[in-house]
Each structure stands twice: as structure tokens, then as C-alpha cells.
Amino acid sequence: MARTRVRIGKSQRRRPTSVSKPRGVLHPRVQQVGPEHFGIVCFDCAKVRSKFLLADFYGRVLIPPTHVDHTRPALEGAIAQIREAFVQHQLRDGLVVIERTGRYHRVVQRAFTAAAFETRIVHPFVTQQYRQPVAPGNKTDDEDLAAIHRATVTGCALV
């Protein structure tokens, strides 16, 4: 018995609701709580330690770039510091964005996922594309953290 293929006409195709990446859209969540009440924690991971910062959706830095070692006590301390900042700055929603670096980012990703934070990943090429226009010859962790934040706001941080 032969199967017939059903074709979907042009009028039946679904139109995109956003021009951002389909799995990276976070604007509806930001609209619900307000941009000043949405926190973005950005992580630039390395082998032994990472650097992170917390900023609201507009980019106002709430926790300046801070080093954290990849040990359980240090990560738990960073989680506690971030939770305290969420309460102090009245952030109602947020997420953790980690730049993918081989396998070194997995430690941070597992720690924050276990702590009930939504974690998203940013590819290093995306970070590079958002860093170069602002600081073409300056590749530092602080510049990368700012680029990760800009990439997240535009929808490039994928679930």
C-alpha cells in the first residue's frame, strides 16, 4: 500500500513570532517582571576557576566580575551570593548563562542546575562576535562577560 505525502500550503505555514533564536527567546519573561527586575548571571569558565557577574536586563552591574573556584564550597558560596543579590535588588526572575568551553563549563552548569537556576549555554563564537565590535583588540574576561550579557539579551543563549 502506497503512502501519500501531505503537503502544507503556504497559507498553513506557521509564521515566526520573533526574529530571535527560537530556543533563546526570553523577552516574554522579561516583559512579565520588567527589565529592571530580570537578572542575568554570566559565567566565563576556565579550567580551575570561572569569572561571573550579575546584571539586570539593561546591563546595570549588580555583582561586579568575581572569580569563583570550581570547588563545591566556592560554588555554593557563589550561589548564596547570587541568591542574596536577587533578594537585595528585587530581581523576580533570571537565568544563568555560561560560555561553552570544552567540558570545563559542565561543573558550573551542574551546580546551578542543581540549585534550581535556569542555565543556558552561549557558544564562544557568539561571544566573540559580540565582543569584537566593542573591544576589537582586547580579549579579557570582563569584556567576554559583557559580550555574553549582550548575546543573552538578543536571544543567543540557548536552552
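## Exercises on helix H2, its neighbours and Glu99

The exposed residues Pro73, Glu84, Val87 and Gln88 sit on the face of H2 turned away from its buried side. Here buried means under 20% relative accessible area, exposed over 50%, and partly exposed in between (1.4 Å probe, protein chains only). Helices (H or I, at least four residues) and strands (E, at least two) are DSSP runs, numbered from the N terminus.

This is a predicted model, in which local features need pLDDT of at least 70 and side-chain atom pairs count only at pLDDT 80 or more, while totals for chains, interfaces and linings use all residues. Residues are numbered from 1 along each chain as its sequence is written, and side-chain values use heavy atoms, with hydrogens and water left out.

**Exercise 1. Check the span of helix H2 and find its buried side.**

Step 1. H2 covers residues 72-88, which is 17 residues. The expected span is 1.5 Å times one less than the number of residues. That gives 24 Å, and the end C-alpha atoms are 24 Å apart, so the two agree.

Step 2. List the buried residues: Leu75, Ala78, Ile79, Ile82, Ala85 and Phe86. They cover an arc of only 125° around the axis, so they lie on the same side of H2. The arc is that of the directions from the helix axis to the C-beta atoms.

Step 3. Find what they pack against. The partners are strands E1 (38-45), E2 (49-56), E3 (61-69) and E4, plus helix H3 (105-114).

**Exercise 2. Locate two non-glycine residues with positive phi.**

Step 1. Take Gln90, in the loop between H2 and E4. Its phi is near 55°. Gln90 is exposed, at 54% relative accessible area.

Step 2. Take Ala116, in the loop between H3 and E5. Its phi is about 70°. Ala116 is exposed, with a relative accessible area of 72%.

**Exercise 3. Describe strand E5 and its pairing with E4.**

Step 1. E5 spans residues 119-122. Thr119 and Ile121 are buried on one side, Arg120 and Val122 on the other.

Step 2. E4 and E5 run parallel, joined by four bridges. Strands pair if DSSP finds at least two bridges between them. Val97 has Arg120 as its bridge partner in E5.

**Exercise 4. Examine the charge on Glu99.**

Step 1. Place Glu99 in strand E4 (residues 93-99).

Step 2. Glu99 is buried and has no salt bridge. A salt bridge needs a side-chain nitrogen of Lys or Arg within 4 Å of a carboxyl oxygen of Asp or Glu. The nearest side chain of opposite charge, Lys139, is 5.8 Å away.

Step 3. Leave aside neighbours within four places in sequence; the contacts of Glu99 (heavy atoms within 4.5 Å) then include His105, Val122 and Asp144.

Definitions and conventions:
Lys, Arg positive; Asp, Glu negative; His and termini not counted.
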